[in-house]
Amino acid sequence: MKYNPSNNFFKRVVSLFFALLLSLTVYSQEGESKNETGLDKFVEYFTFYPNKDKVAKDSTLYLSKIITAPIISYSPETSLGFGVGAKYLFKFKGSGDETRTSNMPVSMLYTLNNQFFIYSGFEIFTNQEEWVISGNLSFQNYPKYYYGIGTDTPESNEEIYDTYQFLIEPILLKRAFARYLFLGGGVRYNKIYKTKVEENGLLDTTRPTGYDGSTSTGIELAVLYDSRDNILNASKGWYFELTRGFYNTSMGGTHDFDLTRFDLRHYFKVSASNNDVIALQAVGHFANGDVPLSELALLGNEQIMRGYLEGRFIEENLLAAQIEYRKTFKDSRFGLVGFIGAGDVFNKTTDLNIGDLKLNYGVGLRFMLDKKEKLNIRFDYGAGKETDGNFYVNIAEAY
């Protein structure tokens, strides 16, 4: 079942969402004289401190916390989603202010498109940030859109296929040469199974490599540079992640290919007189060899090229970039953003034409759920050159 933003049910949920924000804001204002807002009390109710007793005896320890909360999200690929999330924030014993807070989130979500997700994207810093452990873990049943492979597939091709995915990708990195530079590697295992395609549909008739399932097993080399001042919502610093993966049937996979990905971000404050931030991002995905369908680059999602359905355009390679202005208001939990971006998928470098780039743009509303960790609830609307536009509701910034 596919929901449209004009759907009355969606409108009611959005109205409820904003009514909740308004009520929490009013409640917060009423409690400010006591130095603890109503929303702070609400968040505190769902927060647990696993080492509270130890911190009471040793003030040098970091007070770890597990923040749990109900989740509501919306994207065009999933429709409305409901679930629960937990975020474990901690530091190892012996870590001080020079070590950033480690972040281990876990989300469990069920959507009105009969999808379910269990996901964690973690980043763990050891003492004095000598080592970083990062990666992804997910298990999901995710019906996906398919329009064909290429940069100019018609919208009339649209079909949906059902699939299960199990992904695990741990990466271990060691600080080297510079304060924020880390080198290392890891493994990646991505299994696609129980795939159901439409009989005599586009997938069934064209049968691209791995259309009915695949297993990618490989070794990754990784470079990370991360000088962000805040992992969840940065206001300054750089982030650069580069991975180079080699996948082979000799390691238990079903296809032989290699995959290179990068994610480059930069954040800076607009002025010393306010807390407004400009955030820039560029991403790339380059695959080569016998690449299965599940490892092709997807243009569009709730993070980059917002407005385009995830998988509206797919190919072996992708380049995309975006810029976002993040406006904050003094003594308020609310904020506004505006963003523009451009990108495209392509098979060969010679196929990439600047004049044919797909464009996107949009605006968003922010509500700060946790002031200390700068954790926002975000509501975005994105549109583009070849899309009518889509809404997104989620927790934390897009990047």
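Q: How many residues lie between β2 and β3 in their hairpin?
A: In this predicted model, strand β2 covers residues 65–75 and strand β3 covers residues 79–90. The two pair in the antiparallel sense over 11 bridges. They form a hairpin, and the number of residues between them is 3.

Q: Which residue in β3 is the bridge partner of Ile 67?
A: β2 and β3 run antiparallel. One of the pairs across them joins Lys 65 to Leu 89 in β3. For Ile 67, the bridge partner in β3 is Lys 87.

Q: Which residue in β4 stands opposite Lys 87?
A: β3 also pairs with strand β4, residues 102–111. That pairing is antiparallel, over 10 bridges. Lys 87 is the bridge partner of Ile 67. In β4, the residue opposite Lys 87 is Pro 105.

Q: Which residue in β2 stands opposite Phe 48?
A: Strand β1 spans residues 47–48. β1 pairs with β2 in the antiparallel sense, over 2 bridges. Opposite Phe 48 in β2 stands Ile 66.

Q: Why does the salt bridge of Arg 100 and Glu 129 tie together separate parts of the chain, and how many residues apart are they in sequence?
A: Arg 100 forms a salt bridge with Glu 129, with the closest N and O atoms 2.9 Å apart. Arg 100 lies in the loop between β3 and β4, while Glu 129 lies in the loop between β5 (116–125) and β6 (131–141). The pair therefore ties together parts whose separation in sequence is 29 residues.

Q: How many salt bridges does the structure hold?
A: The pair Arg 100 and Glu 129 forms a salt bridge. For the structure, the count of salt bridges is 24.

Q: Which residue in β12 stands opposite Gly 237?
A: Strand β11 covers residues 237–247, and strand β12 covers residues 257–269. They run antiparallel and are joined by 11 bridges. Opposite Gly 237 in β12 stands Tyr 267.

Q: How many bridges join β12 to β13?
A: Strand β13 covers residues 277–289 and runs antiparallel to β12. One pair across these strands sets Arg 261 opposite His 285 in β13. The number of bridges joining β12 to β13 is 13.

Q: What is the volume of the largest pocket?
A: The largest pocket is lined by 26 residues, and the closest to its centre are Asn 275, Thr 328, Phe 329, Met 368 and Lys 374. By class, the lining has 7 nonpolar, 9 polar and 10 charged residues. The volume of this pocket is about 540 Å³.

Q: Which element gives the most residues to the lining of the largest pocket?
A: The largest pocket has a volume of about 540 Å³. Elements giving two or more residues to its lining are β16 (317–328), β17 (334–346) and β18 (358–370). The top contribution is 4 residues, and the element that gives the most is β17.

Q: Which elements give two or more residues to the lining of the second largest cavity?
A: The count comes to 3 cavities of 30 Å³ or more. About 70 Å³ of space lies in the second largest. Its lining includes Lys 144, Tyr 161, Thr 163, Ile 192 and Thr 195. The elements that give two or more residues to this lining are β8 (159–175) and β9 (181–196).

Q: How many charged residues are in the lining of the second largest cavity?
A: Among the lining residues are Gly 210, Tyr 211, Gly 213, Leu 293 and Ser 294. By class, the lining has 4 nonpolar and 5 polar residues. The number of charged residues is 1.

Q: Where is Arg 207 found?
A: Phi of Arg 207 is near 45 degrees. That is a positive value in a residue other than glycine. Arg 207 is found in the loop between α4 (202–206) and β10 (214–226).

Q: What is phi of Ala 396 near?
A: Ala 396 has its place in the segment after β20 (387–395). Its phi is positive, in a residue other than glycine. The value is near 85 degrees.

Q: What is the mean pLDDT of the chain?
A: 90% of the residues reach 70 or more. Residues 1–16 are below 50, and residues 26–34 stay under 50. Where pLDDT is low, the predicted coordinates should not be read in detail. For the chain, the mean pLDDT is 88.

Technical notes. Residues numbered from 1 in each chain as written. Predicted model: local features only at pLDDT ≥ 70, side-chain atom pairs only at ≥ 80, totals over all residues. Heavy atoms only, no water. Pairing = 2+ DSSP bridges. 1 Å grid on protein atoms, 1.4 Å probe; cavity = no way out; pocket = protein on both sides within 12 Å on 5 of 7 lines; lining within 4 Å. Points joined across faces, edges and corners; volume = space filled by probe spheres on them. Nonpolar A, V, L, I, M, F, W, Y, C, P; charged D, E, K, R; others polar. pLDDT = per-residue confidence, 0-100. Contact = heavy atoms within 4.5 Å. Salt bridge = Lys/Arg side-chain N within 4 Å of Asp/Glu carboxyl O.
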